[in-house]
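Here are my notes on the model you asked me to look over. I've kept them as numbered points, so you can follow along with the structure open.

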Amino acid sequence: MILSGKKWTAAFIAVLLALLMGMGAVTAVIDPYFHYHKPLERYQYVIENQRYQNNGIVKHFDYDAVITGTSMSENFKTSEMNEIFGVNAVKVPFSGSSYREINDNLVVAAGHNPKLKMILRCLDYDDLLSPADMMNYEEDSYPWYLYDDFLLNDAEYVFNKEILLGDTYGVIKYTKAGGTTTDFDTYGNWMEGRTFGKEALDQLYERPVKAEKITDITEDDYKTIEENITKNVTDLAKKYPEIDFYLFFSPYSIYFWDQLHQEGILERQLDAEKYAIELMLQCDNIHLFSFFTEHWMICDLNNYKDILHYHEAVNTQILYWMKDGTGELTWENYEEYCGRMRDFYVQYDYDSLFQ
């Protein structure tokens, strides 16, 4: 039987729609980004795509604690946190992210999981003075369709050929090959193949020329800090007083402090830190830590692969420090801490590092 033009077109459209629906169904059922559900038991998943999978993790996984932050948090091991704190944690790092991006995901976690009782979060020290709404990525390349409850734009996920052939069928192939779902000790960990120590840092660090004058903190700076900390840290803590927030400043190396010193902004940074501390101490459920006074660690370049990133052994040590209260800042001790910071880092002999 020969079909007429109209019938042929209708049949073609029907077949095309059936293929599209089948393709969408496969992605929706396997769900490599956990947009609809947690991992299915019969499949094994590679967890490696932070901005595509973290939102689904905090919505659908079983947990009562979260580890999050930038690359400074990627080497934490949930197995260690679970043992030390007696929790069941997931890790959702966002490499290269801003305070807002991390907070946005925590808003989702707190809103979807009534069992959530603990959040461990790294506050990147060099982002205290960043604008509250800063996002460190290209706006038009972010998978916003995964971050809302608007079903129509899910078409960008379920009818996406690259996702189907890459990630959806990737789950099937990975499962058939005998793979196992990535655990949260491994997820994001960047230790393999890294070199640590002074030689590694010297190859990467270009020391700035010494600034001719010191840059002081301004009233606009204080406003920026207040907005950043309020919107991206304390508002959430105040909304969920039943959740304990364990926050810490990323313990960068002594080379980072040399950079601030050379650029004439070291004291501005210390003033910014003090104000941020005062803002966060207003929340009883925030446990704020700093390890910059652990000078043996900050000055031991064997702990670092560059001026910022520390060895996973430091992440482990941070867990134990937090558990026993080492480095915790309170209303009673924070001014003494700030004074010690200023005495050590302003007066440090940075030139000796390069002789």
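1. The largest pocket holds about 190 Å³ of space. Its lining runs to 15 residues, and the ones closest to the centre are K38, P39, F61, D62 and F184. If you want to find the pocket by secondary structure, look at α3 (78-85) and β2 (89-93), since each supplies at least two residues of the lining. By class, the lining splits into 7 nonpolar, 5 polar and 3 charged residues. Keep in mind that this is a predicted model, and that goes for every point below.

2. Next comes the second largest pocket, with a volume of about 150 Å³. The residues lining this one are P32, Y33, V46, E48, N49, Q53, G166, D167, G170, V171 and Y174. Which helix gives the most to that lining? Helix α6 (residues 161-176) does, with 5 residues. The class count here is 5 nonpolar, 4 polar and 2 charged.

3. Now for enclosed space. Rolling a probe the size of a water molecule over the atoms shows where empty space is left. How many cavities of 30 Å³ or more does a search of the whole structure find? The search turns up 1, and the volume of the largest cavity is about 30 Å³. Around it sit N103, L106, R121, N232, V233, L236, F245 and L247. Three elements, α4 (99-112), α8 (219-239) and β4 (244-249), each put at least two residues into that lining, and α8 has the largest share with 3 residues. The lining is made up of 5 nonpolar, 2 polar and 1 charged residue.

4. On to the packing. In soluble globular proteins, nonpolar side chains tend to be buried together. In this model the largest nonpolar core has 100 residues, and those with the most contacts inside it are M81, Y125, F248, F249, W257, M280 and F292. Helix α10 (residues 266-280) contributes the largest share of this core, 8 residues. Another core, of 6 residues, lies apart from it and includes Y33, Y145, L146 and Y157. You'll have met Y33 already, in the lining of the second largest pocket.

5. F248 deserves a click. You'll find F248 in strand β4. Is F248 buried or exposed? F248 counts as buried because its relative accessibility is 0%, and the cut-off for buried is under 20%. Setting aside residues up to four places away in sequence, F248 touches F76, L120, R121, C122, L123, F289, F291, Y310, I318 and M322. R121 shows up again here, having appeared in the lining of the largest cavity. For a sense of distance, the C-alpha atoms of F248 and V171 are 36 Å apart, with their positions 77 residues apart in sequence.

6. K305 may catch your eye as a lysine. K305 is in the loop between α11 (295-298) and α12 (312-324). With 16% relative accessibility, K305 counts as buried. The K305 side chain makes a polar contact of 3.1 Å with the side chain of D306. Beyond its neighbours within four places in sequence, K305 is in contact with W190, R194, T195, F196, A200, L201 and L204.

7. Another loop residue to look at is P143, which sits between β3 (118-123) and α5 (155-158). P143 counts as buried, at 2% relative accessibility. Once residues up to four places away in sequence are left out, P143 touches R51 and Y52. Its C-alpha lies 18 Å from that of A109, and these two residues are 34 apart along the chain.

8. Last, the overall picture. The chain has 13 helices and 6 strands, and its C-alpha atoms fill a box of roughly 90 × 45 × 45 Å along the principal axes. Of the 355 residues in the chain, 51% are buried. Take the contacts between residues at least 6 apart in sequence: 83% of them join residues at least 24 apart.

Notes: Residues are numbered from 1 along each chain as its sequence is written. This is a predicted model: local features need pLDDT of at least 70, side-chain atom pairs count only at pLDDT 80 or more; totals for chains, interfaces and linings use all residues. Side-chain values use heavy atoms; hydrogens and water are left out. On a 1 Å grid over the protein atoms alone, a cavity is a set of points where a 1.4 Å probe fits but cannot get out, and a pocket is an open set with protein on both sides within 12 Å along at least five of seven lines; lining residues have an atom within 4 Å of a point. Grid points are joined across faces, edges and corners, and a volume is the space filled by probe spheres set on the points. Helices (H or I, at least four residues) and strands (E, at least two) are DSSP runs, numbered from the N terminus. Ala, Val, Leu, Ile, Met, Phe, Trp, Tyr, Cys and Pro count as nonpolar, Asp, Glu, Lys and Arg as charged, and the others, Gly among them, as polar. Buried means under 20% relative accessible area, exposed over 50%, partly exposed in between (1.4 Å probe, protein chains only). A polar contact is a pair of N or O atoms within 3.5 Å; within protein, one must be able to donate a hydrogen and the other to accept it, and residues adjacent in sequence count only if both atoms are side-chain atoms. Contact means heavy atoms within 4.5 Å. A nonpolar core is a set of buried Ala, Val, Leu, Ile, Met, Phe, Trp, Tyr and Cys residues joined through side-chain atoms within 4.5 Å.
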